[in-house]
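Work through the exercises below with the sequence and the model side by side. Try each task before reading its solution.

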Amino acid sequence: MVNSKLSSYFFWPSNMSEQLSQIFSSYQRQGGALIPILQKVQEVSGYLPEEAISEIAQFLGLSNSEVYGVASFYAQFRFERQGEHTIKVCQGTACHVQGGQRILGAVERELGIQPGETTEDYKFSLERVACFGCCALAPVVVVDETVYGKMTIAKVKQILTKYLPGDDA
């Protein structure tokens, strides 16, 4: 069953201003607090909503474009709501040689999405990754923090099923 903490993790609750005020209370109104605030907001929401960027800018006395400029510079920040589970498929050399592209294709077919997309129900987001450094386990898929090695097309469906509602992932 899905952890209730996770199910509320990936979107802003109706009390977004209260949540932001609580985050802001730990920081001074200085530009040096921008990245830690962005990180905390994303930790709470799973991404950086446009409304949050505006409130962060106002709190720090910056323009929206300054906040967005910093956030967009770093790959760690996301501007769209992500899925509850992130699936990363390695496309590094060892994984490629061992069929990583076929594994990625199987995940795409099972979920009906391409890398960089999220399922309509916000259950899964799919990412293509250059290398995990787990070459001995090639091909590799990582779901959230769990590494799955020696992947086959048959294992893709089996693993995804673990993360569907009603199953304990």
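Helices (H or I, at least four residues) and strands (E, at least two) are DSSP runs, numbered from the N terminus. This is a predicted model, in which local features need pLDDT of at least 70, side-chain atom pairs count only at pLDDT 80 or more, and totals for chains, interfaces and linings use all residues. Residues are numbered from 1 along each chain as its sequence is written, and side-chain values use heavy atoms, with hydrogens and water left out.

**Exercise 1. The overall fold**

Task: State how many helices and strands the protein chain has, and give their order.

Solution. Start with the count: the protein chain has eight helices and four strands. Now read from the N terminus: the order is α-α-α-α-α-β-α-α-β-β-β-α. Next, take burial. Buried means under 20% relative accessible area, exposed over 50%, and partly exposed in between (1.4 Å probe, protein chains only). By that cut-off, 39% of the 169 residues of the protein chain are buried. Last, take contacts, meaning heavy atoms within 4.5 Å. Among contacts in the protein chain between residues at least 6 apart in sequence, 61% join residues at least 24 apart.

**Exercise 2. S125 and its strand**

Task: Locate S125, then describe what surrounds it.

Solution. Step one: S125 belongs to strand 2 (residues 124-129). Step two: its relative accessibility is 1%, so S125 counts as buried. The strand shares this trait, with five of the six residues of strand 2 buried. Step three: look for a polar partner. A polar contact is a pair of N or O atoms within 3.5 Å; within protein, one must be able to donate a hydrogen and the other to accept it, and residues adjacent in sequence count only if both atoms are side-chain atoms. The S125 side chain reaches the backbone nitrogen of G83 at 2.6 Å. Step four: list the neighbours. Not counting residues up to four places away in sequence, S125 touches Q82, G83, H85, T86, I87, I113, E117 and T118.

Task: Which way do strand 1 and strand 2 run, parallel or antiparallel?

Solution. Two strands pair if DSSP finds at least two bridges between them. Strand 1 (residues 85-90) and strand 2 are joined by six bridges and run parallel. For one position, V89 stands opposite R128 in strand 2.

**Exercise 3. Rings**

Task: Find the rings that Y74 pairs with.

Solution. A pair of aromatic rings is described by the distance of the centres and the angle of the planes. Rings of Phe, Tyr and Trp (its six-membered ring) pair if their centres lie within 6.5 Å; planes under 30 degrees apart count as stacked, over 60 as edge-to-face and the rest as tilted. The structure holds four aromatic pairs. In one of them, F73 and Y74 lie 4.9 Å centre to centre with 85 degrees between the planes, an edge-to-face pair. In another, Y74 and F77 have centres 6.4 Å apart and planes at 85 degrees, so this pair is edge-to-face. Ring pairs thus link F73, Y74 and F77 into a cluster.

Now check accessibility. F73 is exposed at 64%. Y74 is partly exposed at 33%. F77 is buried at 6%.

Task: Which residue lies over the face of Y122?

Solution. A charge sits over a ring if NZ of Lys or CZ of Arg is within 6 Å of the ring centre and within 35 degrees of the ring normal. R81 lies over the Y122 ring, 3.8 Å from the ring centre.

**Exercise 4. Cysteines**

Task: How many disulfides does the structure hold?

Solution. A disulfide is a pair of cysteine sulfur atoms within 2.5 Å. The structure holds zero. For C95, the nearest cysteine sulfur is that of C90, 3.4 Å away. C95 is buried, at 4% relative accessible area. For C135, the nearest cysteine sulfur is that of C131, 4.3 Å away. C135 is partly exposed, at 44%.

**Exercise 5. Unusual backbone**

Task: Where is the peptide bond that is cis, and which residues have positive phi?

Solution. Most residues other than glycine have a negative phi, and most peptide bonds are trans. The bond from A138 to P139 is cis, with omega near -5 degrees. P139 is in the loop between strand 2 and strand 3. D144 has a positive phi near 55 degrees; it sits in the loop between strand 3 and strand 4 (146-148). K150 has a positive phi of about 55 degrees and lies in the loop between strand 4 and helix 8 (153-162).
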